[in-house]
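Biologist: Thanks for making time for this one. I would like a close look at a single part, the largest pocket, and then a tour of the rings and contacts in the rest of the chain. Please take it slowly and keep it connected.

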Amino acid sequence: MPDFSFQTFDVVDDLSTLQLFDAPAVWANFAHQAQNVMFEAVDANGKAHTIAEYPFVGRTGSNTYTFGSTSRPWDSFVWDGTLEDGSEAPAGQYTLRLRVLKALGNPDNANHWETYTSPAFRVMRDASGN
């Protein structure tokens with residue numbers, strides 16, 4: 001199971017320094033419009049914590065990508081380790097969940113939502129693994 005610390009690390013090679021942020025993320029393809037997008041962190045007890053909500057996501061590209069194309073249908077959702085109220089998520093096991101209401105969907109109809117849940121991971125808050 002992967003661990004994430006939400007720390008920034010420098011990766012140095014002969015030519016440059018690159019800063020990497022140790023955080024989980026979900027990539028989604030938005031080649032079609034969405035009426036609502038919910039990005040959530042779900043703790044080990046099954047409680048969903050809203051990270052962000054987007055009321056409308058427009059089409060960002062076509063279904064296909066060819067070399068040299070300006071089509072960019074992929075979008076990334078990176079969790080910075082904070083909850084909706086701005087507090088830090090405590091150490092423990094989580095999954096990320098992305099719920100998307102289809103463009104003409106009814107929010108009360110479960111069949112109109114697309115849902116992706118990530119594999120489980122651990123949030124580490126200090127050097128001792130907590």
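Modeller: Happy to. A word on terms before we start: a strand is a DSSP run of E that is at least two residues long, and strands are numbered from the N terminus. Please also keep in mind that this is a predicted model.

With that in hand, here is the overall layout. The protein has 10 strands and 0 helices, so from the N terminus on you simply meet one β element after another, β-β-β-β-β-β-β-β-β-β. Of its 130 residues, 33% are buried. Taking contacts with a separation of 6 or more, 57% are between residues 24 or more positions apart.

Now to your pocket. The largest pocket holds about 300 Å³ of space. Which strands supply at least two residues each to its lining? They are β4 (25-29), β8 (92-102) and β9 (113-117). Strand β4 gives the largest share, with 4 residues. In total, 17 residues line the pocket, and those nearest its centre are Ala-28, Asn-29, Phe-30, Val-100 and Glu-114. Sorted by class, the lining has 10 nonpolar residues, 5 polar ones and 2 charged ones.

While we are on the topic of charge, look at Arg-99 and Trp-113. The charged end of Arg-99 sits over the ring of Trp-113, at 4.7 Å from the ring's centre.

That ring brings us to the aromatic side chains in general. The model holds 8 aromatic pairs. One of them joins Phe-6 and Phe-21, with 6.5 Å from centre to centre and 50 degrees between the planes. Why does that pair count as tilted? Planes under 30 degrees apart would be stacked and planes over 60 would be edge-to-face, so an angle of 50 degrees leaves Phe-6 and Phe-21 in the tilted class. Phe-6 is in the loop between β1 (3-4) and β2 (8-12), whereas Phe-21 is in strand β3 (residues 17-21), so their pairing ties together parts that are 15 residues apart in sequence. These two rings also belong to a cluster, in which ring pairs link Phe-4, Phe-6, Phe-21, Trp-79, Tyr-94 and Phe-121.

The two partners are not equally covered. Phe-6 has a relative accessibility of 11%, which is under the 20% cut-off, so Phe-6 counts as buried. Phe-21, at 40%, is partly exposed. Phe-6 deserves a second glance for its backbone as well. Most residues other than glycine have a negative phi. In Phe-6, phi is positive, near 60 degrees.

Phe-21 also leads us to Phe-9, a residue of strand β2. Phe-9 and Phe-21 are 12 residues apart along the chain, and their C-alpha atoms are separated by 6.5 Å. Once neighbours within four places in sequence are set aside, Phe-9 is in contact with Leu-18, Gln-19, Leu-20 and Asp-22. Phe-9 is partly exposed, at 43% relative accessibility.

Two further residues show contacts across the chain. Met-1 is in the segment before β1 and is partly exposed at 49% relative accessibility. Beyond its neighbours up to four places away, Met-1 touches Gln-93, Ala-120, Phe-121 and Arg-122. Of these, Phe-121 is a member of the ring cluster we just met. Met-1 and Gln-93 are 92 residues apart along the chain, with 9.3 Å between their C-alpha atoms.

Last comes Ala-48, in strand β6 (residues 48-54). Its relative accessible area is 29%, and Ala-48 therefore falls in the partly exposed class. Leaving out residues up to four places away, Ala-48 touches Glu-40, Ala-41, Val-42 and Arg-97. Between Ala-48 and Arg-97 the sequence separation is 49 residues, and the C-alpha to C-alpha distance is 8.5 Å.

Notes: Residues are numbered from 1 along each chain as its sequence is written. This is a predicted model: local features need pLDDT of at least 70, side-chain atom pairs count only at pLDDT 80 or more; totals for chains, interfaces and linings use all residues. Side-chain values use heavy atoms; hydrogens and water are left out. Rings of Phe, Tyr and Trp (its six-membered ring) pair if their centres lie within 6.5 Å; planes under 30 degrees apart count as stacked, over 60 as edge-to-face and the rest as tilted. Buried means under 20% relative accessible area, exposed over 50%, partly exposed in between (1.4 Å probe, protein chains only). A charge sits over a ring if NZ of Lys or CZ of Arg is within 6 Å of the ring centre and within 35 degrees of the ring normal. On a 1 Å grid over the protein atoms alone, a cavity is a set of points where a 1.4 Å probe fits but cannot get out, and a pocket is an open set with protein on both sides within 12 Å along at least five of seven lines; lining residues have an atom within 4 Å of a point. Grid points are joined across faces, edges and corners, and a volume is the space filled by probe spheres set on the points. Ala, Val, Leu, Ile, Met, Phe, Trp, Tyr, Cys and Pro count as nonpolar, Asp, Glu, Lys and Arg as charged, and the others, Gly among them, as polar. Contact means heavy atoms within 4.5 Å.
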